[in-house]
Each structure stands twice: as C-alpha cells, then as structure tokens.
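Me: Could you take a close look at one part of this structure for me? I would like to understand how its strands are arranged and what surrounds them.

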Amino acid sequence: MTTTHPATPAPPSGAAQRVSLARVVRSEWTKLRSLPSTAWSLLITVVSIVAFGVLYCLLRVARPPSDPAALAAFDPTAVSLTGVQLAAIAVGVLGVLLVAGEYATGLIRTSFTAVPRRLPVLWGKAITFALTTLAVCLPVTLIAFLVGQSILSEKRLDIALTEPGVARAVVGSALYLSAVGLLGLGLGALLRGTAGAVAALLGLLFGPQLLVGLLPSTWSDQLYRYLPVPAGAAVANVRPDPVILGPWTGFGLFCLYAGVVLALAAWQMVRRDA
Amino acid sequence: MIEARGLTKRYGDKLAVDDLTFTVRPGVVTGFLGPNGAGKSTTMRMILGLDAPTRGSVTVNGRPYREHAAPLREVGALLDARSVHPGRSARNHLLALAQTSGIPRSRVDEVVEAVGLKGVAGRRAGGFSLGMGQRLGIAAALLGDPRTVILDEPVNGLDTEGIRWIRSLLRGLAAEGRTVFVSSHLMSEMALTAQHLIVIGRGRLIADTGVEEFIARAAPGVVRARSTDPEALAALLRSRDVAVSEDGDGALAVSGVSTDQVGRLAGAAGITLLELTAQQASLEEAFVDMTRDAVEFRAPSTGGGPS
C-alpha cells in the first residue's frame, strides 16, 4: 500500500456536480447490485415463488377436488402462485435491509453527506428497489403460473392465461411483491434497526389477521378485507369472492398502507439526527 | 470557510456542545482538539447537517451544508472510517458516492490511486484493516475535489508512513487554498500538522489560536534541578513560594521560575547542583493543562447536571 503522491489529482469539472434524483437513482442502483446479499435475497424470492407453486400444484394433482362445489371453488391461478406469499417475506426483509443496513454500518451518514437533503436517498432507494423487484418477479410469476398449469393440466384443473382475470393475477402478484418490498423499505427507514423493522413487517403482514380472528365473525368479516395482506393479495384473486375487496381496490389499499409508512419514514428522515 | 455561531447540541440533559463560536479559514490546516467526548464529532456532524443544532448555526462556504446544490464539491468529509457497508467493494462504495453528484468513474480511479488503494479497490471493504478503511474514507472525502475538507481523527489506525502521508496531504490541500479542518485527541500530531488550533473541552471553546501561541500561553516552563541534597533544595524553593515536585532520580521539577533563578538561589544557600535544565513544554502538556482547567472550571457550574 504505497502512496504515489499526496496532492489531489486533477479536479473534475466542478459546476456540474449537482445532486439530482436521477443521479441518486443511479447511485442506489450501484449500491443494490454491488451487495451479494441482494442477489441472495432475490434468489430466495425466485425459488420461493417457483418451488412452492410447483409443490402445491403437485399436491393438488395428487388430491384433486372431489365434489362439484370444491371444483367450482378451485382456483388454479392461486394454486400456481402460492409461493408469492412466502416470497413476500423475502422481498420485504430485503427492503428492510436496504435502509436498516445503512444505519447499522454507519453508511447512512456517508449517504446523507453526499445527499444532504436526504429525501432523494429514500426515493432513489424506493424507485430502484421497486423496479428491480418488478423486473425479477414479473417473469418469475409468469413462469410459476405456466409450470403450475402444465402440472395441473394432468387432471384438467388448469386455466389459460387468456381467461378473465388470470393475466391480471400473474402481473398483480409481481406488483404485490414490489409493494411489499416498499413496505419493508419504509419500515427500515422509519425504525432504522433491522430487528425491529423485520418484526414490524411480519407483524403488519400476519398480525392483523390473527387479531381480527379473535373478534365476533360479523365484525371480522367486515374488517378482514381491509387488512394489508388480504387487500394486497386480492389482486391475484381470479374467482369473485364477496369477503375480499376487488382486485385493484384491494391492491390500491395495500399501496396506500405502504405509502403511509413511506411518508412517515420521509418525515422522520428529514427531522431526525443521522 | 466554516463559521459556527453559538453552536449548541443537547442530548437529553447532557450538553454535548455548548455555545461554540469559531471560524475555520481557508489556506491553513486547522486542528480541532479536545479529549475524547469533548464534542468534536458532534460538532462535525452538525457542520455536515447530520445532526441539527439545539441552538445556534453553522455554515460551510457561506451556507448551511444542507442547502448546497453540489455538496461534494463544497465539502469532503471523513467522519468515521466505518461508514461503509462491509459487503461492498471499495471501488463500488466510491462509485455509488460519486454517482450522486455525477462525478465520472475515472475520478473514482484517480482517488483510489491517490490514497494508495489501487491494488485492493475490488475487495470488500469489510476485510480492510483500520488503516485501509481510513484511506478509503479519505478517498471518499477527496472525490468531489472539495473546497473544504473535514476529517474526524484521520490518523487513527494509520502506520507511520500513513501518518506522514496524511500530514503532507493536509498541508498540500491547505496550500491549494482549501479549508482544512481536522480533529484529533493527539496534541503531538496536531503540533506537526496544524497551523491553527481550535481547542474544546466538555463542549466548550477553550482556545482558538495559533499553535505556537497556544503552547506559550498554556504551559509555563518547568526547570529540572538535580542536586546532592534535594530535600534542602526543595525546602529552600518552597520557602520562596515556588512549586516543586519530585521528578525521579532525586531530581526536582520546579515550576514558574527560570534556570538562572534556581541556580542563584542554590549557590547562595551552598547547595551543589548536578543538573539544571529548562524543560521544553510540549503541546501535549499544554493541552492537558488547558483541558484540566476547563474541567475544573466546568465542574461547579454544571450543578445538578450529569458529570
């Protein structure tokens, strides 16, 4: 580690060194792709979507719905996309890590020194991460769907992508994963600590259903549809279900929840000491 | 140029920085000195807009740091050598930082080479030694060719060669007309690097002065006197209200008087002197004296507050 010369090298053109959101997005993309943990988390996401979809399809082929009522309620799209719910945890945790990891390592201070207005860091991360998860998950949900249907076709339980609502369910599942990632990212930015933010993420995803389940059914049926996961997962619902919100209404509600968390995170990020 | 006016930071009921007013001028290396916990890092975080002052204000190159449109062009900072994700390579860390301001990739290679990390830039920063981590932090600070450089304890973890490199780097940056503000708890290091000193203790300004003036003001000379009869000499000096303490080897450390005065007194009393030398007051001693005073001054006034 010898040193060549102490003086600073030739300066770059100075006037152009302004921070912009587009530049921060590029920077965040460099950060995202240069960490091995990102690749591992996304790999777990991909494997979860495909493997659990295949597994569940094989299971349903082994034990197909027996009576007409069960057959009518059978949703081949949902069966092939079972893995999305598990993948949501991996994506959400990765979202948490993207911000909480910077607080844990102290990198956030470097980031805020480079971008002193701070908010572009949050928006840059959100844009980069949402687009990355979408780009990864969209082809994977399609693959999981197609592989799943080819398995289900053995017992003629399959459905075509062109049937009403099916393509929307496949695309919507990828959108849902992106939105869960943003929820995780928002929680990571709001709570800063990895452990707390992961706990909050799992709590938000699974806690409300457990709590609502304790209420009398007249109340719980009314409330259930507005809970984060039932609302968000509605986008992948092909069979009309009166207990659940409409697909885009439900997904919109989930995005609203994620948006509220991100807005709180933004408010706190500007206010608090780094 | 860094200008702090009445800068104050309170954490709970602990006053970390207490009404600091100072100006760091371009063209010289300004040392920012204080014992650990004196509030140096907190002050630097406030300069960089990372922590909001409880009261007062601080500007860099005429504006609060957060208001600069091209921040890396204004300030390059090394806050904590570990403000890096351990899983990312040094080059990618710098590249991500550079991209926020549209600084080209070629500049990343330049600073990597300038700090001597060329051979290891592709390695994960988590595997770096403390010294390599410091060099990476300094590379990040130089990235935007900043007008003001703020370094928190840059010599920590550096070897002798690295320390000499930092010294000439800082002097070079100042000679180019930049503002250079460097914190340290090591006075001896600052004596060699800085031309101007801002000294704080317990969050308060103790001195804002040139290095030489600081030594002269802070530490009166001490005379080392070894004699055949140290007890008699000590008694003689104490009878003249001169402070005397043991200095080992039967020698005495005599404060506040010159070698001439000690020699004359000893001669008149018939005490044989074996050694009589004026001890050079070091910056380290000056610093310890200064900050001890600050602590003594502060202790009663904090009242019921934390120690």
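Reply: Happy to help; here is a walk through one strand of chain B, followed by a second sheet and the contact between the chains. Please keep in mind that this is a predicted model.

Let's start with β3(B), which covers residues 29-33. Five of its five residues are buried, so the strand is largely enclosed by the rest of the structure. In a regular strand, side chains alternate between the two faces of the sheet. Here, Val29(B), Gly31(B) and Leu33(B) point one way, while Thr30(B) and Phe32(B) point the other way, and all are buried.

Now for the strands beside β3(B). One partner is β7(B), residues 179-184, which runs parallel to β3(B) and is joined to it by five bridges. Within that pairing, Val29(B) has Val180(B) as its bridge partner. Another partner is β8(B), residues 196-201, also parallel to β3(B) and joined to it by four bridges. There, Leu33(B) stands opposite Val199(B).

It helps to place this in the chain as a whole. The domain assignment splits chain B into domain 1 (2-211) and domain 2 (220-279). The centres of these two domains, taken over C-alpha atoms, are 45 Å apart.

For a contrast in strand direction, have a look at the open, antiparallel sheet of chain B, whose four strands come in the order β11-β12-β10-β13. β11 (244-246) and β13 (273-279) of chain B stand at its edges with a single partner strand each, so one side of each has no neighbour in the sheet. On average, neighbouring strands of this sheet are turned by 25° against each other, ignoring direction.

At one of those edges, three bridges hold the antiparallel pair of β11(B) and β12(B), the latter being residues 251-255. Val244(B) has Val254(B) as its bridge partner in β12(B). Helices pack here too: α9(B), residues 230-239, lies across β10, β11 and β12 of chain B and runs at about 10° to β12(B). Helix α10(B), residues 259-269, touches β10, β12 and β13 of chain B, and its direction makes about 160° with that of β13(B).

Finally, a word on the partner chain. The contact between the chains takes 40 residues from chain A and 50 residues from chain B. On the chain A side, α1 (21-33), α2 (36-62), α5 (83-105) and α6 (107-114) each supply at least two residues. By class, that side of chain A has 17 nonpolar, 16 polar and seven charged residues.

Notes: Residues are numbered from 1 along each chain as its sequence is written. Chains are lettered from A and ligands numbered from 1 in the order in which they are written. This is a predicted model: local features need pLDDT of at least 70, side-chain atom pairs count only at pLDDT 80 or more; totals for chains, interfaces and linings use all residues. Two residues are in contact if their C-beta atoms, placed from the backbone, lie within 7 Å. Ala, Val, Leu, Ile, Met, Phe, Trp, Tyr, Cys and Pro count as nonpolar, Asp, Glu, Lys and Arg as charged, and the others, Gly among them, as polar. Domain bounds come from an automatic or database domain assignment. A residue is buried if 20 or more other C-beta atoms lie within 10 Å of its own, exposed if 12 or fewer, and partly exposed in between; C-beta atoms are placed from the backbone. Two strands pair if DSSP finds at least two bridges between them. Axes are lines fitted to C-alpha atoms, for helices over the stretch in contact, and angles run from 0 to 180 degrees between N-to-C directions.
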